[in-house]
Amino acid sequence: MRCPMAKIVGTGMIARVFQSAGVAPGVTIFASGVSNSAACDQAQFERETRLLKDALAISNGPLVYFSTTSIYDPASQHSPYVRHKLLMERLLVESGQTYVVLRLPQVVGLASNPATLTEYLYRSIMSGMPFEVWRHAHRHLLDVDDVKTVVAALVVDEASWAQTFDLLPPYPITPLEIVTTLEAITGRRGNYTIADKGSAYVIG
């Protein structure tokens, strides 16, 4: 008899990495949230709220929700996206259901979301489109396979349930470092200017 698989809600990069084996049965991976951190469309936020409530209503094990470490970023923490993510965290806490919240930085992998910084920079370099690089910005990049590894460990440990975790690599990278790395990989020069903008953030 085949064991039940984890339930995957979503079709994006994070959802797809969980389609293969490796996560305990009975777990719900909720990866169908608003993926663009610049979003301000209330309809998108309401859609995620409905989907999360529906997933909680039928969940019979821990539900994994992906929030954002941008709540610590002075430049982003008051944005509609971050406020929405905090509301979703509160919804989980007040639901009475079993959950694990994982706050993520910039997640990278194959077929990344075109709204992410790395994809934006790559596409700009390849197209020759002018773009701006913020001198003082710092970002934390996390491989999507590492997200899966951490989740697989957390959901089988009941001490991790009803907890919120910040998954933040210790070494930040600047957008300029990302650009120069992409230039080296592609052999193309980016058409960019340096702007005296941006900020960094730390946790704890």
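The exercises below, each with a worked solution, concern a predicted model of one protein chain.

**Exercise 1. Overall form**

Task: Describe the secondary structure of the chain and decide how compact the chain is.

Solution:
- Step 1. Go through the secondary structure of the chain: it comes to six helices and nine strands.
- Step 2. Compare the radius of gyration with the globule rule. The chain has 18 Å, and the rule gives 17 Å for 204 residues; these values are close, so the chain is as compact as a globular protein of that length.
- Step 3. Add the extent of the C-alpha trace, which spans about 55 × 40 × 35 Å along its principal axes.
- Step 4. Turn to burial and surface. Of the 204 residues, 44% are buried. The accessible surface of the chain is about 11,000 Å², and carbon and sulfur atoms hold 55% of that surface.
- Step 5. Look at the contacts with a separation of 6 or more: 73% of them link residues 24 or more positions apart.

**Exercise 2. The sheet**

Task: Give the strand order of the five-stranded open sheet, name its edge strands, and state which helices pack on the sheet.

Solution:
- Step 1. The order is S1-S2-S3-S4-S8, and the pairing is parallel.
- Step 2. An edge strand pairs on one side only, and here that applies to strand S1 (7–9) and strand S8 (163–166).
- Step 3. From one strand to the next, the twist averages 20 degrees.
- Step 4. Take the pair S3 and S4 as an example. These strands run parallel and are joined by six bridges. Thr68 stands opposite Leu104 in S4.
- Step 5. Now place the helices. Helix H3 (residues 80–95) packs on the sheet and touches S3, S4 and S8, with its direction at about 155 degrees to that of S3. H5 also packs on the sheet, touching strand S2 (28–30), S3, S4 and S8, and its direction makes about 155 degrees with that of S4.

**Exercise 3. The nonpolar cores**

Task: Find the residues with the most contacts inside the largest nonpolar core, and list the contacts of Phe66.

Solution:
- Step 1. The largest nonpolar core has 24 residues, and those with the most contacts inside it are Phe18, Ile29, Phe66, Leu104, Val147 and Val151.
- Step 2. Trace the core to its elements. At least two core residues come from each of helix H1 (13–17), strand S3 (63–68), strand S4 (99–104) and helix H5 (144–154).
- Step 3. Take Phe66 and set aside its neighbours within four places in sequence. Phe66 is then in contact with Ile14, Phe18, Ile29, Phe30, Ala31, Lys85, Leu102, Leu104, Val147 and Val151.
- Step 4. Another core, of twelve residues, lies apart from the largest one; among its members are Phe30, Leu52, Leu56 and Leu91.

**Exercise 4. Buried or exposed?**

Task: Classify His84, Tyr122 and Ala57 as buried, partly exposed or exposed.

Solution:
- Step 1. Recall the cut-offs: buried is under 20% relative accessible area, exposed is over 50%, and partly exposed is in between.
- Step 2. His84 lies in helix H3. Its relative accessibility is 5%, so His84 counts as buried. Residues up to four places away in sequence aside, His84 touches Val34, Phe45, Glu48 and Thr49.
- Step 3. Tyr122 lies in helix H4. At 34% relative accessibility, Tyr122 is partly exposed. Beyond residues up to four places away in sequence, Tyr122 touches Leu182 and Thr186.
- Step 4. Ala57 belongs to helix H2 (residues 42–58). With 65% relative accessibility, Ala57 is exposed. Ala57 and Gln97 are 40 residues apart in sequence, and their C-alpha atoms are 8.7 Å apart in space.

**Exercise 5. Helix H4 and positive phi**

Task: Identify the buried residues of helix H4 and what covers them, then examine phi at Gly128 and Ala162.

Solution:
- Step 1. In helix H4 (residues 117–127), the buried residues are Thr118, Glu119, Leu121, Ser124 and Ile125.
- Step 2. Their cover includes strand S5 (106–108), strand S6 (131–134), strand S7 (141–143) and helix H6 (175–186).
- Step 3. Gly128 comes just after H4 and has a positive phi of about 80 degrees.
- Step 4. Ala162 is in the loop between H5 and S8. Phi of Ala162 is near 60 degrees, a positive value in a residue other than glycine. Ala162 has 44% relative accessibility and so counts as partly exposed.

Notes
Residues numbered from 1 in each chain as written. Predicted model: local features only at pLDDT ≥ 70, side-chain atom pairs only at ≥ 80, totals over all residues. Heavy atoms only, no water. Core = buried A, V, L, I, M, F, W, Y, C linked by side-chain atoms within 4.5 Å. Buried < 20%, exposed > 50% of the residue type's maximum accessible area, 1.4 Å probe, protein only. Helix = DSSP H or I, 4+ residues; strand = E, 2+ residues; numbered from the N terminus. Contact = heavy atoms within 4.5 Å. Pairing = 2+ DSSP bridges. Axes fitted to C-alpha atoms, helices over the stretch in contact; angles between N-to-C directions. Rg over C-alpha atoms; globule rule 2.2 N^0.38 Å. Areas by Shrake-Rupley, 256 points an atom, 1.4 Å probe, with all protein chains shown as cover.
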